[in-house]
Amino acid sequence: MSFAVRHGTAHAASMSSAVRPASRAGLTGYGWALAGVDLVLLVLSFAVAHGIRFPGESLLAPSHPGWLEFAAGPAIVLLWSAMLAGFRTREARIAGVGAEEYRRVLTASLTTCATVAVVAYSAQLDIARGYVAIAFPLGTALLVTGRRAARSVLAHRRARGELLQDVLVVGELVDVRYVGRRIAATPAAGYRVAAVATTGDDVGSSVALGAADVPVVGSVDDVLDLAAERGVGAVVVAGAIPGGHERLRRLGWQLEERGIELVVSSPLADVAGGRVHERPVDGLPLMHVEAPDYRCRTGKRAVDVLGASIGLLLLAPVFVAVALAIRIDDGGPVVFRQQRVGRGSRLFSICKFRTMCVDAEDRVAELSAENEGAGPLFKIRQDPRVTRVGAFLRRSSLDELPQLWNVLTGAMSLVGPRPALPCEVAAYEDFADRRLLVTPGITGLWQVSGRSDLDWAEGVRLDLHYVENWSFLHDVAILARTIPSVLRSRGAY
């Protein structure tokens with residue numbers, strides 16, 4: 001079927017209503033609920049500001065100097081709510097994923113503050129500065145906190161299969177598999193792959209995407225009919241399709257007539273948005289990708305030294321208690337040292353509290369048949385070599401604490417890729433050795449994403465993502481995620 005087929009207005013309207021996914025109705029309800037939460041939080045922020053700025057004054061019978069603020073408060077709340085709606089902070093496309101929602105909330109809040117300031121100055125309204133100085137920061141903080149809580153609720157519902165938009169993924173089979181699996185692994189993004197259309201002769205077969213097998217329902221040439229038959233809300237183009245840019249543009253027009261969104265997957269994988277800049281050239285959006293910066297990061301090193309020093313000082317009693325428990329348990333050495341590969345392929349001796357019996361490394365060969373680790377990793381969930389005290393140390397991650405010394409000496413960082421064994425480095429393939437461009441860390445994306453529950457390929461991908469997209473804020477986010485990850489003990493064995 002040619003993509004140049006045109007559809008009449010009446011037909012387009014009927015098709016638009018026919019393919020509107022059920023999740024849109026759910027997201028509309030989510031948007032209204034979010035609007036109600038925003039309103040309550042704004043009223044709360046102004047009530048708190050009034051109580052702090054004018055203590056002892058009743059809101060039911062305001063007197064000078066609080067009557068003007070009490071009268072202006074509802075007007076500002078309504079204006080702020082209108083700004084949140086005007087900047088489309090509750091749009092379904094950005095609900096629950098990415099930073100765009102937060103950016104829009106902050107922009108709407110700053111615009112409201114500026115508007116109030118201009119109106120107050122122009123009309124010579126003597127609104128107390130302290131009142132405004134409390135209400136606006138507090139209101140903005142509450143809005144962001146409310147959105148974060150709403151996202152958690154939305155993510156849990158999407159993880160249960162609710163409020164998801166069905167999509168048709170089209171493209172070459174290898175691209176469909178890659179994009180489809182990433183969509184299936186991230187339900188919080190709001191998509192669910194309902195069907196697949198490929199450029200090959202795979203019709204009638206299925207593609208394994210995560211825990212589900214998705215049917216291949218047709219060819220890329222039949223995208224319009226397939227999207228209508230399946231009732232999807234969007235078509236996701238994975239990679240290139242026959243016909244190139246011109247065909248993709250026409251597909252977008254035709255899908256628009258039917259009320260179906262067009263989503264194009266970028267061929268760039270694991271590249272942070274901060275490294276990508278759009279450069280439009282005669283209507284063609286070219287993406288400029290900045291090279292990652294691997295130079296010595298003085299600020300990161302300063303944080304490492306400060307954090308490791310404070311940690312060693314404050315945790316000294318814990319070190320003593322753990323050391324005594326290990327010695328009492330089996331009388332063996334307290335600290336376990338092992339050769340690891342650091343930045344620039346330099347070897348260093350990593351320090352850990354010993355969690356296994358003294359002859360653990362000598363027993364690897366006899367336990368090789370029970371190995372559950374992927375790739376070169378050797379892992380056994382119920383490892384018989386782990387001591388009683390060691391099992392607790394692993395679950396609580398207390399065995400990692402001596403690595404603070406490695407951080408202090410510069411061999412490791414607080415945040416970075418997992419420190420690799422020499423045998424793992426010897427098995428590296430396909431640019432996996434780029435993990436060695438930065439200093440390994442005590443914690444990192446690998447630890448906060450599942451640790452030993454992750455397969456080898458996923459662990460390498462997460463480490464490479466960190467290497468390619470390092471930022472100070474990224475490190476702070478990983479450190480913040482480390483605490484709940486340790487408390488859950490997911491993958492700690």
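1. Start with a yardstick: the expected span of a helix is 1.5 Å times one less than its number of residues. Keep in mind that we're looking at a predicted model here. Helix 4 covers residues 100–122, and for its 23 residues that rule gives 33 Å. The C-alpha atoms at its ends are 33 Å apart, so the helix agrees with the expected span.

2. Staying with helix 4, have a look at what it buries. The list mixes residue types: Glu101, Tyr102, Arg104, Val105, Ala108, Ser109, Thr112, Val116 and Ala120 are its buried residues. Just past the helix, Gln124 has a positive phi of about 55 degrees.

3. Now the largest nonpolar core, which has 20 residues. Leu42, Phe46, Ile76, Trp80, Leu84, Tyr131 and Leu143 have the most contacts inside this core. At least two of its residues come from each of helix 2 (22–53), helix 3 (67–86), helix 4 and helix 5 (129–159). Helix 3 gives the largest share, with six residues.

4. Trp80 is worth clicking on. Leaving out residues up to four places away in sequence, Trp80 touches Leu42, Phe46, Ala108, Ser109, Thr112, Ala135, Phe136, Gly139, Thr140 and Leu143. Ala108, Ser109 and Thr112 in that list are also among the buried residues of helix 4. Apart from this core there's another one, made of 18 residues, including Ala411, Met412, Leu414 and Val467.

5. On to the strands. Strand 3 (residues 206–209) has alternating side chains: Val207 and Leu209 point to one face and are buried, while Ser206 and Ala208 point to the other and are not. Strand 3 runs antiparallel to strand 4 (residues 212–219), and four bridges join the two. Val207 sits opposite Val214 of strand 4. Two residues lie between the strands of this hairpin, where Gly210 takes a positive phi near 70 degrees.

6. What does Arg177 touch, not counting residues up to four places away in sequence? The answer is Val207 and Leu209, the two strand 3 residues that point to one face and are buried. Arg177 itself belongs to helix 6 (residues 173–185). Arg177 and Leu209 are 32 residues apart in sequence, yet their C-alpha atoms are 6.8 Å apart in space.

7. Is Arg177 buried, exposed or partly exposed? Its relative accessibility is 34%, so Arg177 counts as partly exposed; the cut-offs are under 20% for buried and over 50% for exposed.

Definitions and conventions
Residues are numbered from 1 along each chain as its sequence is written. This is a predicted model: local features need pLDDT of at least 70, side-chain atom pairs count only at pLDDT 80 or more; totals for chains, interfaces and linings use all residues. Side-chain values use heavy atoms; hydrogens and water are left out. Buried means under 20% relative accessible area, exposed over 50%, partly exposed in between (1.4 Å probe, protein chains only). Two strands pair if DSSP finds at least two bridges between them. Contact means heavy atoms within 4.5 Å. A nonpolar core is a set of buried Ala, Val, Leu, Ile, Met, Phe, Trp, Tyr and Cys residues joined through side-chain atoms within 4.5 Å.
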